[in-house]
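Q: Hi! Got a minute to go through a model with me? Let's have a look at it.

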Amino acid sequence: MQALLRLDQDPVRVSGTESLSEQQETTLRGIRKTQVRVAAYFLRCGREDLAKLIYWDMQHEPLARLQSIRQELQSTTAVIATRTESSFWEFTDRGENFYFLEPALQPYADQFFGWFQGLAAVQEEQGSVELP
């Protein structure tokens with residue numbers, strides 16, 4: 001669990017700059033999406049204590065980032081690209097969407113996002129969020 005929580009080491013503090021590069025933002029968003037999925041799983045298993053560890057790690061995230069991550073996870077579907085054998089071959093099919101949140105976990109992700117004060121207000125203000 002500690003390894004999962006350390007993955008998102010603050011890139012602004014590490015780099016000494018005031019803002020994230022596009023690559024740093026993309027990486028951080030991917031880590032945060034994975035953490036939300038894990039928190040939802042923990043909630044489904046009755047382990048709110050573990051989900052709260054992830055919440056505490058994420059509680060200082062900008063609300064706009066959290067809202068856009070929430071929107072992405074809600075709108076993501078399982079997409080498997082169709083490929084012909086002549087185009088390439090691999091041992092594993094990487095055509096899956098790694099950020100797919102199965103419908104059974106969605107209520108738990110909603111519960112997790114509900115812990116963030118002000119997130120609902122951001123959603124109402126922004127309507128639809130422009131994703132970077």
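Q: What does the charged end of K52 sit over, and how far from the centre?
A: The ring of W115, with the charged end 4.0 Å from the ring's centre. "Over" here means NZ of Lys or CZ of Arg within 6 Å of the ring centre and within 35 degrees of the ring normal. The charged end of K52 also sits over the ring of Y55, 5.4 Å from the centre.

Q: Before I go on, what sort of model is this?
A: A predicted one: local features need pLDDT of at least 70, side-chain atom pairs count only at pLDDT 80 or more, and totals for chains, interfaces and linings use all residues. Residues are numbered from 1 along each chain as its sequence is written, and side-chain values use heavy atoms, leaving out hydrogens and water.

Q: Cool. Which residues do ring pairs link into a cluster?
A: Y55, F112, F113, W115 and F116. Rings of Phe, Tyr and Trp (its six-membered ring) pair if their centres lie within 6.5 Å; planes under 30 degrees apart are stacked, over 60 edge-to-face, and the rest tilted.

Q: And how do F113 and F116 pair up, what's the geometry?
A: That pair is tilted, at 6.5 Å centre to centre with 45° between the planes.

Q: Are those two buried or exposed?
A: Both F113 and F116 are buried, meaning under 20% relative accessible area (exposed is over 50%, partly exposed in between; 1.4 Å probe, protein chains only).

Q: New topic: how buried is Q35?
A: Q35 has a relative accessible area of 0%.
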